[in-house]
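Reader: Hey, I'm new to this one. Can you walk me through it in plain words?

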Amino acid sequence: MTEQTPQPADRAGGSGPLGLDPDLLAIIVCPQCHGELEATDEGAPELICRGECGLAYPVRDGIPVLLVDEARTPA
Ligand SMILES: [Zn+2]
């Protein structure tokens, strides 16, 4: 383990939302429209695109599945 900048203490467990790595969340974008992704856990853990397409990508076992074919199309 290397020394890192302390994480904000607003997340239980000291990890990012949905148990995802905050550093990972900071760099991944929507593969469809390259918009920002927002973690949500309303029913199922997903990453919601905040860009143009609004697709919802599933998170399986803590791994974001950033595949357009796997994404849920917004209603
Ligand atoms: Zn998108």
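Author: Sure, with one term up front: a residue is buried if 20 or more other C-beta atoms lie within 10 Å of its own, and exposed if 12 or fewer do. Also keep in mind that this is a predicted model.

Reader: Okay, so which residues of strand β2 are buried, and on which side is each?


Author: In β2, residues 46-49, Glu46 and Ile48 are buried on one side, while Leu47 and Cys49 are buried on the other. Both faces of this strand are covered.

Reader: Why do they split between two sides like that?


Author: Side chains in a regular strand alternate between the two faces of the sheet.

Reader: Let's zoom out. How many helices and strands does the protein chain have?


Author: The protein chain has one helix and four strands. Going from the N terminus, the order is α-β-β-β-β.

Reader: And in what order do the strands sit in the sheet?


Author: The sheet is open, with the order β1-β2-β3-β4 and antiparallel pairing. β1 and β4 (63-64) are the edge strands, each pairing on one side only.

Reader: What joins β1 to β2?


Author: Four bridges do, and the two strands run antiparallel, with β1 covering residues 37-40. Leu37 stands opposite Cys49 of β2, and Ala39 stands opposite Leu47.

Reader: How many residues lie between β1 and β2 in the hairpin?


Author: Five residues lie between them, and Gly43 in that turn has a positive phi of about 95°.

Reader: What about the other side of β2, how many bridges join β2 to β3?


Author: Three bridges join β2 to β3, residues 56-60, and that pair is antiparallel too. Tyr57 in β3 is the bridge partner of Leu47. This hairpin has six residues between its strands, and Gly54 in the turn has a positive phi of about 70°.

Reader: Which residues make up the largest nonpolar core?


Author: There are 10 of them: Cys30, Leu37, Leu47, Ile48, Cys49, Leu55, Ala56, Tyr57, Val59 and Ala71. The elements giving two or more residues to this core are β2 and β3.

Reader: Ala71 is further along the chain. What does Ala71 touch?


Author: Setting aside residues up to four places away in sequence, Ala71 touches Leu55, Ala56 and Tyr57.

Reader: Switching topic: where is His34, and is His34 buried or exposed?


Author: His34 is in the loop between α1 (22-27) and β1. His34 is exposed because 11 other C-beta atoms lie within 10 Å, and the cut-off for exposed is 12 or fewer.

Reader: Which residues is His34 in contact with?


Author: Leaving aside neighbours within four places in sequence, His34 is in contact with Val29 and Gly51. His34 and Cys53 are 19 residues apart in sequence and 9.2 Å apart in space, C-alpha to C-alpha.

Reader: You mentioned positive phi in glycines. Which residue before α1 has a positive phi without being a glycine?


Author: That's Leu18, with a phi near 65°, in the segment before α1. Leu18 counts as partly exposed because it has 15 C-beta neighbours inside 10 Å. For background, most residues other than glycine have a negative phi.

Reader: And what is the phi of Asp61?


Author: Asp61 has a positive phi of about 55° although it is not a glycine. Asp61 sits in the loop between β3 and β4, and it is exposed because only 7 other C-beta atoms lie within 10 Å.

Reader: How much of the protein chain counts as buried?


Author: 16% of the 75 residues count as buried. Among contacts between residues at least 6 apart in sequence, 14% join residues at least 24 apart.

Reader: Last one: what pLDDT does the protein chain average, and where does pLDDT stay under 50?


Author: The average is 86, and 81% of the residues score at least 70. Over residues 9-14, pLDDT stays under 50, and the model has three contacts beyond four places in sequence for that stretch.

Notes. Residues are numbered from 1 along each chain as its sequence is written. This is a predicted model: local features need pLDDT of at least 70, side-chain atom pairs count only at pLDDT 80 or more; totals for chains, interfaces and linings use all residues. Two strands pair if DSSP finds at least two bridges between them. Two residues are in contact if their C-beta atoms, placed from the backbone, lie within 7 Å. A nonpolar core is a set of buried Ala, Val, Leu, Ile, Met, Phe, Trp, Tyr and Cys residues joined through C-beta atoms within 7 Å. pLDDT is the predictor's confidence in each residue, from 0 to 100.
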